[in-house]
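Here's a quick briefing on how some helices pack and what lines a pocket. Have the model open while you read.

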Amino acid sequence: YHKASTALQPDVQSFAMIIDTISSLVSDTSTNPSVDKNVCVRLLVTVDDIIEWLVEIAKARKASDDALPTNETTLRPNVVLFSSAMNAWVKSGLTEAPSQVEELLEQMKRLNDEFPHWEDVAPNKIAYSTVIDAWAKTGNIDKVQSLLQEMREIYLETNDEAIKPGL
């Protein structure tokens, strides 16, 4: 695809759409016995692989928007991509989904710390709400309260409306 027009090259939104398609294929394994758990897990591994691949590409390019042609920055992971991946895990209903979703949130935070100019990878209230939802479904109220408190603290520190809890 490198020799093709930049309009034909995949970007992060293309990969988010692939993840959304996978998400629609992943049913709740706990309520639908006809869903093959192994297929579900393989699809979710694909989701994680897409995220890892895009992170590796962006890091390899030193993640500097100033040093990259415009079309090269379109493969940088963002909050939409991560939120799509989180949603796929939550929809799966797998017991490991909450910890996987929280790991994606942690990865977003690490990337945001490592590359502060990647403003569009910072977790927002949608990302946090997805993690909160995943833990709430397990009945882990302590985890839910801890994540809400973390959101409040970030909001009070930054005054960023994108992270402001809606409570």
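How do helix 2 and helix 4 run relative to each other, roughly parallel or roughly antiparallel? Their axes cross at roughly 10°, and angles under 35 degrees count as roughly parallel, so helix 2 and helix 4 are roughly parallel to each other. Bear in mind that this is a predicted model. The other two helix pairs below turn out differently oriented: helix 1 is roughly antiparallel to helix 2, and helix 3 is roughly antiparallel to helix 4.

**Helix 2 with helix 4**
- The two axes come within 13 Å.
- Helix 2 brings Asp-48, Ile-51, Glu-52, Val-55 and Lys-59 to this contact, where they meet Gln-100, Gln-107, Leu-111 and Glu-114 of helix 4.
- Sorted by class, that's a mixed bag of three nonpolar, two polar and four charged residues.

**Helix 1 with helix 2**
- Helix 1 covers residues 12–25 and helix 2 covers residues 37–60; their axes come within 10 Å and cross at roughly 165°.
- Angles over 145 degrees count as roughly antiparallel, which means helix 1 is roughly antiparallel to helix 2.
- The crossing of helix 1 past helix 2 is left-handed.
- On the helix 1 side, the contact uses Val-12, Phe-15, Ile-18, Ile-19, Ile-22 and Leu-25.
- Helix 2 answers with Leu-43, Thr-46, Val-47, Ile-50, Ile-51, Trp-53 and Leu-54.
- Twelve of these contact residues are nonpolar, one is polar and none is charged.
- Ile-51 is worth a second look, as it takes part in the contact with helix 1 and also in the one with helix 4.

**Helix 3 with helix 4**
- Helix 3 (residues 79–92) packs on helix 4 at an angle of about 170°, and the axes are 8 Å apart.
- That angle makes helix 3 roughly antiparallel to helix 4.
- From helix 3 come Val-79, Phe-82, Ala-85, Met-86, Trp-89, Val-90 and Ser-92.
- They meet Ala-97, Gln-100, Val-101, Leu-104, Leu-105, Gln-107, Met-108 and Leu-111 of helix 4.
- The contact holds twelve nonpolar residues, three polar ones and no charged ones.
- Gln-100, Gln-107 and Leu-111 of helix 4 meet helix 3 here and turn up in the contact with helix 2 too.

**The largest pocket**
- The largest pocket holds about 250 Å³ of space.
- It is lined by 15 residues, and Asn-112, Ala-122, Pro-123, Ile-154 and Asp-160 are the closest to its centre.
- Helix 4 (97–114) and helix 6 (141–158) are the elements that give two or more residues to the lining.
- Helix 4 gives the most, with three residues.
- By class, the lining has seven nonpolar, three polar and five charged residues.

Conventions:
Residues numbered from 1 in each chain as written. Predicted model: local features only at pLDDT ≥ 70, side-chain atom pairs only at ≥ 80, totals over all residues. Heavy atoms only, no water. Axes fitted to C-alpha atoms, helices over the stretch in contact; angles between N-to-C directions. Helix = DSSP H or I, 4+ residues; strand = E, 2+ residues; numbered from the N terminus. Parallel < 35°, antiparallel > 145°, perpendicular 65-115°, else oblique. Left-handed = near helix turned anticlockwise from the far one by under 90°. Contact = heavy atoms within 4.5 Å. Nonpolar A, V, L, I, M, F, W, Y, C, P; charged D, E, K, R; others polar. 1 Å grid on protein atoms, 1.4 Å probe; cavity = no way out; pocket = protein on both sides within 12 Å on 5 of 7 lines; lining within 4 Å. Points joined across faces, edges and corners; volume = space filled by probe spheres on them.
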